[in-house]
Amino acid sequence: MAVGARVRVTYNGWVEEGITNGAMGTVRDFVYSDCFEGGDPNRIEAVLVELDEYNGTPFFQQAELRKVIPFSRIDPEIDVSYKKGEDVPKRIQFPLRLAFA
């Protein structure tokens, strides 16, 4: 993933505002951990995506950033049965996939 890459949202984050599964957008920037005290300069905390069809509440005050949404990692529930005492796998990821449309 890189600035300028086309991406697709992979979950219904805020349906009422238009952040839905399948929404398309363009990566505008990344927020790294070193923006925060003691953060790792190599760890990405959020991906800033300009959604094509977003008309909801703006996250940023600047007019040119009205459609830019910060996406942080999510921990989706995995519906799998495990025996008592076994570790349940956990996956933490950004709710975005590369897209070419």
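Reader: How many helices and strands are in this chain, and what makes a stretch count as one or the other?

Author: You get 0 helices and 5 strands. Both are DSSP runs, numbered from the N terminus: helices are H or I with at least four residues, and strands are E with at least two. Read along the sequence, that gives the pattern β-β-β-β-β. A caveat up front: this is a predicted model, where local features need pLDDT of at least 70 and side-chain atom pairs count only at pLDDT 80 or more, while totals for chains, interfaces and linings use all residues. Residues are numbered from 1 along each chain as its sequence is written, and side-chain values use heavy atoms, with hydrogens and water left out.

Reader: What makes you say that strand 2 and strand 3 pair?

Author: Two strands pair if DSSP finds at least two bridges between them. Strand 2 and strand 3 have 7 bridges and run antiparallel, so they pass that cut-off. In this pairing Phe30 sits opposite Val47 of strand 3.

Reader: Which other strands pair with strand 3 or with strand 1?

Author: Strand 3 also pairs with strand 4, antiparallel, over 5 bridges, and there Glu50 faces Val68 of strand 4. Strand 1 is joined to strand 2 by 3 bridges, again antiparallel, with Arg8 opposite Met24. Strand 1 also pairs in the antiparallel sense with strand 5 (residues 96-98), over 3 bridges, and Val7 stands opposite Leu98 there.

Reader: Which residues make up the covered and the uncovered face of strand 1?

Author: Val7 and Val9 form the covered face, while Arg6 and Arg8 form the uncovered one.

Reader: Why is Ser33 called buried or exposed?

Author: Buried means under 20% relative accessible area, exposed means over 50%, and partly exposed is in between (1.4 Å probe, protein chains only). Ser33 comes in at 4%, so it counts as buried. Across the whole chain, buried residues make up 26% of the 101 residues.

Reader: What does the side chain of Ser33 make a polar contact with, and what makes the pair qualify?

Author: The partner is the side chain of Glu45, at 2.4 Å. A polar contact is a pair of N or O atoms within 3.5 Å; within protein, one must be able to donate a hydrogen and the other to accept it, and residues adjacent in sequence count only if both atoms are side-chain atoms. The 2.4 Å value falls within 3.5 Å, so the distance fits. Ser33 lies in the loop between strand 2 and strand 3. Leaving aside neighbours within four places in sequence, Ser33 is in contact (heavy atoms within 4.5 Å) with Gly39, Asp40, Arg43 and Glu45.

Reader: Where does Gly39 lie, and is it buried, exposed or in between?

Author: Gly39 lies in the loop between strand 2 and strand 3. Its relative accessible area is 26%, so partly exposed is the right label. Not counting residues up to four places away, Gly39 touches Ser33 and Asp34.

Reader: What makes a set of residues a nonpolar core, and which residues have the most contacts inside the largest one?

Author: A nonpolar core is a set of buried Ala, Val, Leu, Ile, Met, Phe, Trp, Tyr and Cys residues joined through side-chain atoms within 4.5 Å. The largest has 15 residues, and Val47, Val49, Leu51, Phe71 and Leu96 have the most contacts inside it. Strands 1, 2, 3 and 4 each supply at least two of its residues, and the largest share, 3 residues, comes from strand 3. As for Leu51, its contacts beyond four places in sequence include Val9, Ile19 and Phe71.

Reader: How many aromatic pairs are there, and why do Trp14 and Phe59 get their label?

Author: There are 2 aromatic pairs. Trp14 and Phe59 have 6.2 Å between centres and 85° between planes, which makes them edge-to-face. The rule is that rings of Phe, Tyr and Trp (its six-membered ring) pair if their centres lie within 6.5 Å; planes under 30 degrees apart count as stacked, over 60 as edge-to-face and the rest as tilted. Trp14 is in the loop between strands 1 and 2 and Phe59 in the loop between strands 3 and 4, so the pair ties together parts 45 residues apart in sequence. Trp14, at 35% relative accessibility, is partly exposed, and so is Phe59, at 38%.

Reader: And why is the pair of Phe30 and Tyr32 labelled as it is?

Author: Their centres are 6.4 Å apart and their planes are at 55°, so the pair is tilted. Phe30 is buried at 14%, whereas Tyr32 is partly exposed at 32%.
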